[in-house]
Amino acid sequence: MSPDAPATNTPAPDQAASEPVLELRGVNTHYGAVHILKDVDLAIYSGELVCLLGGNASGKSTTLRTILGMVKPTTGDVVLNGQVVTTRSTRERVALGVTMVPENRRLFKRLTVGENLEMGAFLRNDADGIATDREWVFELFPRVKERLNQKAGTLSGGEQQMVAIGRALMARPQILLMDEPSMGLAPALVQQNFELIQQIHESGLTVFMVEQNANMALSIADRGWVLQTGRVVLDDTAQNLLAHPDLQASYLGTAEQ
Amino acid sequence: MNMIEALTAARPGSGKTRAAAPARRRLLDQDWRRLACAGAVLAVGQVFIALTGMPVTFDRRLLIDPILSLGYLALLWLPPVVGNWVGREQVLEGMAAYAKGGRDVVAGAMAGLLGNLGLTLLVLGITHFDVRDPLVHWSPQLLGILEFDQSVWLGALVWPAIGAATGALGGAMHWMGDKTARTMVLALSTVFAAAVLESVIVDLSQGFHIEAVSDWLYGPQRGLTLAATAVIVAVAVAASAGFSWARAASGRTAPQASAQPDAAGAGSLPAQTAWRRIPARKLLGWAFAPAAIIVLPLFLGRLTNELLANVGLFILLALGLNIIVGLAGILDLGYVAFFAVGGYSVAVLTSPGSPRFDPEIPWFGALFAAMLLAGLAGLLIGAPVIRMRGDYLAVVTLGFGEIIRILLLSDWLSGTFNGAQGITNIPGVEVFGLATVRGFEPRSVLYLVLFFCAIAIYVSWRLENSRIGRAWMAVREDESVAEAMGVDTVSAKIMAFVTGAVLGSFSGAILSAKVGSVFPHSFAIIVSIVILVVVIFGGMGNIAGVVAGAVVLIGVLGGPNQPGLLQEFAEYKILIYGALLVWMMLQRPEGLIPSARRARELQANDVNQDAWLRAQPAGRATDDAGGTSDRGRP
């Protein structure tokens, strides 16, 4: 799906017939007694670039943690490629093709860039495939290749972001989850970072991005949801969301228009 | 104000160079604070060392026969170090290089003089006041040493003079140039090593039947003779000169040469020359080292073998803890528990003196039981604490370490462990009818220890480069992200606990057979702390570092229940551990031997973080060569 596809009100009409690659069905998640996610329904189709918007403490990161199985939902189901994985471990879900680029990059700082990439392919055993994907990452980010033997903690923020994305790609995922890719980066790098995400998406990956920077995220996304205190309050195409008065008021502010 | 006179006297010398480099900091204008600070630090340090009692305790241990005892050395080493530090200035990029010169010597002398005024005050203080009540070493013996058994005034006046002289020597090291300074440090440390290692050298020369050498080196009262000292200095100087000549001839670039562009000179051939040389040398080393390790104990005496066996026991422990702390990043303060499990399992199963389990089994059988039980203990301790993180986990492991000791001591289990009386009469190790390892034959123990060290090193090395090793390191760096990458963090951490526990139990099992008895108090918390210090000091997560840490700390200073080379230091062991640890954390937080990873990083030498941002508009790949070569040029 290209970003300039005609805007429609019903989400993802082209894929209506096909199965979503990732689906949350009526998910409720608690941290202790605190109710974080409230009846969240999401469906992401193959080849999409979608985003989940929300302010602080709206449950964005919890959504990602629920998808990866690092927290288990109280009720509801997580469905990956048609398989219900609600009770499966993170390990099994990663093996099914979902990987996360964590918030703030969070590289393994005292390991080298090369070792970080290896960690991305932790569950894979196909040496040839891993080597191919390594080359692919180097092609995407020539800078990463130059820094291969350097400790990840000594890289600049932009380089770390590249390694973080590269590390996730090394798992050869079907769906890439991105937790606040713009966080902690200089404005010039944020722009570049979103271009990177778009580039990766165009290479055929489904990308699910969680962001606070709604303008930026919607400028490259196909569709989006808005999460407010754990509930999905808006669900629309990117163009419609950008124009939506509520979103304008709550996240984008008037100054940024 | 004779200090100011001294300074003004020094001005003409530094004045000449100042004209050439106007941006340099000047002693008179800005460095008073630094000098005062150094003097104060030195004074406090000297008085502290004097009052710990080291000069008194070490007084009888002669280093160089008639003139220098270890006691005086305890007071002599600090002024040159501080004198050197006070003259040290950073070379700032973009600033004129700071000129070395006479002012360094003056600054060192003044710092030494100021600092040793502390000892003068101490001499006068001891003569006039009596505060022995809180300060045990505020004593006539200390006074006697400080006044050289002469008069109070001699002591009071000589110490500042000594401080000035030794401080000036420290300061002069900047002035005399790197090569001379390095030669001097080499000569001094060789003399120190030769003097301190006296018992080992005597032991060795007896082993090789060259007693004549040790008889010539050391005087009748222990300590190097003056002639031997002179020869050692001459040999060190010659070796240093020969080494730098060889280096210049082969054209190898040392890392420090590239750090100082003007010193590189002849030695700046391309790095490939150095690279190609490595394999052959390494190969030789790989073949030679194990052979030497196997043959050497035959020539060593009881004392050295015993010492090395103790070091080996701690290498085993440290390697085990290294897996838990260094690789998996779990701060375990109760590691002694696994040592105890190993020791007591063997004791109960092999000793006829153990209250229960009458059919005694051979040591190797007991070892398997010990490994099994230690692994089980690792599982039991690991499982509940594994979901905790950081501080909480450390506190809980601390508790478990104590629980094991208290269980061994308890009445409840005294039917098995014999309470505070411990288990005695543990037989030696029968090695398949070929040999017997017994405590009173340190050589046999050493071979057993070496065998298990080899196993432990191999296992550690394989694990470090394995899948589970990478999982451990990922968990250490960032547990949540490791989990998101598909690492089963819970089982990885439990695996680390179990592996570490099994390695630790080897050490306990050997200890039982070596000593012939085990007691609960041998497994006190201090053992955990010492093992942890060894790991941190040597370099966490690095096998060579951990081995080096054990050799230096346990071999030289001694373990919690074992004497080291410097038996004199036994009383001050923990103090020195602490001081070394603080110094290490400040100067080399990566430990004695930084991991290979760090070395590689330094080799790459292209930390050029912002080039990416700068190069952005012009196309990234082409621009960074220029960016890298810009560095280091003012």
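## A walk through a predicted two-chain model

Q: In this predicted model, how many residues does each chain bring to the contact between chain A and chain B?
A: Let's start where the chains meet. The contact draws on both partners, with chain B giving 24 residues. From chain A come 31 residues.

Q: Which elements of chain B give two or more residues to the side that touches chain A?
A: Looking at the chain B side by element, α23 (467-477) and α24 (479-484) are on the list. The others that give two or more residues are α29 (596-604), α30 (611-615) and α31 (620-629) of chain B.

Q: How does the side of chain B that touches chain A divide by class?
A: Polar residues number three on this side. The rest of the split is 10 charged and 11 nonpolar residues.

Q: How many helices and strands does each chain have?
A: In chain A the secondary structure comes to 10 helices and 10 strands. For chain B, the tally is 31 helices and four strands.

Q: What share of each chain counts as buried?
A: Chain A has 257 residues, and 47% of them count as buried. Chain B has 634 residues, with a buried share of 40%.

Q: What percentage of the contacts in chain B with a separation of 6 or more comes from residues 24 or more positions apart?
A: In chain A, residues 24 or more positions apart make up 69% of the contacts with a separation of 6 or more. For chain B, the corresponding figure is 73%.

Q: Which residues have the most contacts inside the largest nonpolar core, and which helix gives the core its largest share?
A: The largest nonpolar core holds 196 residues, and B:Ala318, B:Ile531 and B:Val534 have the most contacts inside it. Its largest share, 16 residues, is supplied by residues 302-327 of chain B, helix α17.

Q: What does B:Ile531 touch beyond four places in sequence?
A: Setting aside residues up to four places away, B:Ile531 touches B:Tyr335 and B:Leu321. The list also holds B:Phe314, B:Leu317 and B:Ala318.

Q: Why does B:Ile554 count as buried, and how far is its C-alpha from that of B:Ile531?
A: B:Ile554 belongs to helix α27 (residues 543-557) of chain B. The cut-off for buried is 20 or more other C-beta atoms within 10 Å, and B:Ile554 counts as buried because it has 27 C-beta neighbours inside 10 Å. Its contacts beyond four places in sequence include B:Phe314 and B:Val534. B:Ile554 and B:Ile531 are 23 residues apart in sequence, and their C-alpha atoms are separated by 9.5 Å.

Q: Is B:Asn116 buried or exposed?
A: B:Asn116 sits in helix α7 (residues 102-128) of chain B. Its contacts, neighbours within four places aside, include B:Gln46, B:Pro79 and B:Trp159. With 28 other C-beta atoms within 10 Å, B:Asn116 is buried.

Q: Is B:Asn425 buried, partly exposed or exposed?
A: B:Asn425 lies in the loop between α21 (414-417) and β3 (429-431) of chain B. Beyond four places in sequence, B:Asn425 touches B:Ser351, B:Pro352, B:Gly353 and B:Gly516. With 13 other C-beta atoms within 10 Å, B:Asn425 is partly exposed.

Q: At what angle do α19 and α25 of chain B cross?
A: These are residues 363-385 and 489-515, whose axes come within 7 Å. The crossing is right-handed, and the contact residues divide into 17 nonpolar, seven polar and one charged. The angle is roughly 145 degrees.

Q: What should helix α22 of chain B span, and how far apart are its end C-alpha atoms?
A: Helix α22 runs over residues 442-464 of chain B. Its buried residues include B:Leu446, B:Val449 and B:Phe452. At 1.5 Å a residue, its 23 residues should span 33 Å, which agrees with an end-to-end C-alpha distance of 32 Å.

Q: Which elements do the buried residues of α13 of chain B pack against?
A: Helix α13 (residues 226-250) should span 36 Å for its 25 residues, and its end C-alpha atoms are 36 Å apart, which agrees. The buried residues of α13(B) are B:Ala228, B:Thr229 and B:Ala236. They pack against β1 (62-64), α10 (178-196) and α12 (211-217) of chain B.

Conventions
Residues are numbered from 1 along each chain as its sequence is written. Chains are lettered from A and ligands numbered from 1 in the order in which they are written. This is a predicted model: local features need pLDDT of at least 70, side-chain atom pairs count only at pLDDT 80 or more; totals for chains, interfaces and linings use all residues. A nonpolar core is a set of buried Ala, Val, Leu, Ile, Met, Phe, Trp, Tyr and Cys residues joined through C-beta atoms within 7 Å. A residue is buried if 20 or more other C-beta atoms lie within 10 Å of its own, exposed if 12 or fewer, and partly exposed in between; C-beta atoms are placed from the backbone. Two residues are in contact if their C-beta atoms, placed from the backbone, lie within 7 Å. Axes are lines fitted to C-alpha atoms, for helices over the stretch in contact, and angles run from 0 to 180 degrees between N-to-C directions. A crossing is left-handed if the near helix is turned anticlockwise from the far one by less than a right angle, and right-handed if clockwise. Ala, Val, Leu, Ile, Met, Phe, Trp, Tyr, Cys and Pro count as nonpolar, Asp, Glu, Lys and Arg as charged, and the others, Gly among them, as polar. The expected span of a helix is 1.5 Å times one less than its number of residues.
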